[in-house]
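This report introduces a structure to a reader who has not met it before. The sequence and the structure are shown first, and the description follows.

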Amino acid sequence: MSTVASTGPDTGPAESRARIRSRRRLSSGKVGDFVLRAIAALVMLYIFLPIFVIVLFSFNKPVGKFNYTWQGFTLENWADPFKYPALTEALQMSLVVAAVSTAIALVLGTLLAVALVRQRFRGSKGVEAFLVLPLTAPEVVLGASLLTLFLDLGWASGFTTIVIAHVAFQISFIALTVRARVRGFDWTLEDASLDLGAGPVRTFAKVTLPLIVPGIVAAAMLSFALSLDDFIITYFVSGSTVTYPLYVNAATKAAVPPQIDVLATVILVVSLALLALGTLYRRKRPV
Amino acid sequence: MAGVATSGRQRSRIAPYLMILPALAYLAIFFVIPFWSLFRTSLSTSGGSVYLPTLTFAWDFGNYAEAFTTYQEQIFRSLGYALTATVVCLLISYPLAYVIAFKSGRFKSLLLGLVILPFFVTFLIRTLAWKTILADDGVVVSALGSIGLLPEEGRLLSTSWAVIGGLIYNWVIFMILPLYVSLEKIDARLLEASRDLYSSSFRAFRKVILPLSMPGVIAGSMLVFIPAVGDFINADYLGSTQTTMIGNVIQKQFLVVKDYPAAAALSFMLMALILAGVLSYTKALGTEDLV
């Protein structure tokens, strides 16, 4: 702007100067925009790089026990994805654990988050600070401390203890994600709804819920992925129950079959399909 | 009408406590109590035989001093690795989160889903994939070797960089999501206003977007740094004995060596470091909002 002014403040009418300015801003904006999009695309590519490797190696014909180097193309692994029942069972176990623990943590965490955002109450600051604590605890420590508790209580490690442990670390994630998401909203809409004669239940269903649902969905997805992914804490409290990550870790010590990559690819495709469905659904109902 | 209003207000006075009670009770039983007993363990002395060790609580702070002097190297290495990983995560996540939040139009939710998608593959399998990518006879090593970026016989696997790379990859999603959430909430009209007031794009970014996205920056940094500093899988799968982190030591002490007081002391030292880091970070960035 100052350069335009210095080259000639009186060269033309104000209108054309404004046009020059806007064009310059547009062109520099375009380059910047392109660079920005290019960087984003590269980061996206980086995020997907190991995924390409996993999909590719599901078609690998490994020599020996480890599916680490490319040997040749085969469809054998896909013809028999459930060749190793232990792997399939481990995967089922992980999906059930993730579903159950996410459902429990979602109820507990969302109630907490909504209370923190919507209500001013004594001790709310303390609760917020307390919620951060489980996140500052390394997983190794969470796992070890929970194992100590279960041993003290005389509880046998297994499905229940895994779910308990997962809920324990999911609550904070959900509460904080939902809280961050719903805090910015205009809550006077609720008052407006009440003033206009809607009852509390109707207000909750028609106003509050639609406002917080995107935050809850995001938190649930994150939380489900966290549970499915968890290795370290589960390692401590699993007993003889084997989840998917535990199976994979044991495999790296003995033998890594390509079926691991096959099932990982199946999970990806299913997630992608759900994602596409969700997008379509949302586009049909523009709320 | 007045009666309804008062009873509503009275109800709302206990309502928040009823809402927070289940979650807090759960965390008290399955987080606070286990930590308390672990803390006692960290101050206990172990006696008895190797097969049947007994722990006696004795305010034994010697456990801490001993653990620190023995594993100083791993502690500082973990801090360095996790700090590097956090900074790189922030640098690569911001442009992506920005593009998704402001420039993706109707593809916004699709892109967001795509970003999350790879993280539905188990952490360990993703790390194993990196092992393949960085392998000595892999494409990346030969490509870097042919353009002279890597010396002959040079390798990527089993180096610090492989471990740091694994840390970055495995937790980058926890940087992208909070950044996106905070960016997405920014009112686009604020940007228009800054343009109308003749602010350059960069200045608009620095003065409007960056400050408003700070909650996301802070949350993301914490969500990356904390798991990264305590991790042992990346060092285990991608590193060597020269790259062991404090997590490796803690895990080994707990599950293999079974020196519980030392392991507990190390755990609490790690948490003290994390807490100090988090507090100084949030103080430096000057926000009242942690997440």
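Two residues are in contact if their C-beta atoms, placed from the backbone, lie within 7 Å. The structure is a predicted model, in which local features need pLDDT of at least 70, side-chain atom pairs count only at pLDDT 80 or more, and totals for chains, interfaces and linings use all residues. Residues are numbered from 1 along each chain as its sequence is written, while chains are lettered from A and ligands numbered from 1 in the order in which they are written.

**Chain A**

Chain A has twelve helices and zero strands; both kinds of element are DSSP runs numbered from the N terminus, helices being H or I over at least four residues and strands E over at least two. Of the 287 residues of chain A, 38% are buried. A residue is buried if 20 or more other C-beta atoms lie within 10 Å of its own, exposed if 12 or fewer, and partly exposed in between, with C-beta atoms placed from the backbone. Among the contacts in chain A with a separation of 6 or more, 77% join residues 24 or more positions apart.

The predictor's confidence in each residue is given by pLDDT, from 0 to 100. Chain A has an average pLDDT of 82, and 88% of the residues score at least 70. Among the elements of chain A, the lowest mean pLDDT, 40, belongs to helix α1 (residues 2-7), and the highest, 92, to α4(A). Over residues 1-12 of chain A, pLDDT stays under 50, and the model has six contacts beyond four places in sequence for them. Where pLDDT is low, the predicted coordinates should not be read in detail.

Asn67(A) lies in the loop between α2 and α3 (76-79) of chain A. Asn67(A) counts as buried because 24 other C-beta atoms lie within 10 Å. Apart from neighbours within four places in sequence, Asn67(A) is in contact with Phe57(A), Asn60(A), Pro62(A), Val256(A), Pro257(A), Pro258(A) and Asp261(A). The C-alpha atoms of Asn67(A) and Ala255(A) are separated by 8.3 Å, although these residues stand 188 residues apart along the chain.

**The contact between the chains**

Chain A contributes 71 residues to the contact and chain B contributes 70. On the side of chain A that touches chain B, the elements that give two or more residues include α2 (14-57), α4 (85-118) and α12 (259-284) of chain A. The largest share of this side, 16 residues, comes from α2(A). By class, the side of chain A that touches chain B has 53 nonpolar, 13 polar and five charged residues. Here Ala, Val, Leu, Ile, Met, Phe, Trp, Tyr, Cys and Pro count as nonpolar, Asp, Glu, Lys and Arg as charged, and the others, Gly among them, as polar.

**Chain B**

Chain B is divided into domain 1 (15-60) and domain 2 (62-285), with bounds that come from an automatic or database domain assignment. The contact between them takes ten residues from domain 1 of chain B and eight residues from domain 2 of chain B. On the side of domain 1 of chain B that touches domain 2 of chain B, α1(B) gives the most, with four residues.

Leu266(B) touches Ala67(B), Tyr71(B), Ile246(B), Val249(B), Ile250(B) and Gln253(B), not counting residues up to four places away in sequence. The buried residues of helix α12 (residues 246-257) of chain B include Ile246(B), Val249(B), Ile250(B) and Gln253(B). By contrast, α9(B) is hardly covered, with one buried residue among its twelve residues.

Two residues of one loop of chain B may be set side by side.

| Residue | Loop | Other C-beta atoms within 10 Å | Class |
|---|---|---|---|
| Ser158(B) | between α5 (139-146) and α6 (160-171) of chain B | 16 | partly exposed |
| Glu153(B) | between α5 and α6 of chain B | 7 | exposed |

Ser158(B) has a positive phi of about 70 degrees although it is not a glycine. Just after α12(B), Lys258(B) also takes a positive phi, of about 60 degrees. Most residues other than glycine have a negative phi. The C-alpha atoms of Glu153(B) and Ala235(B), 82 residues apart along the chain, are separated by 21 Å.
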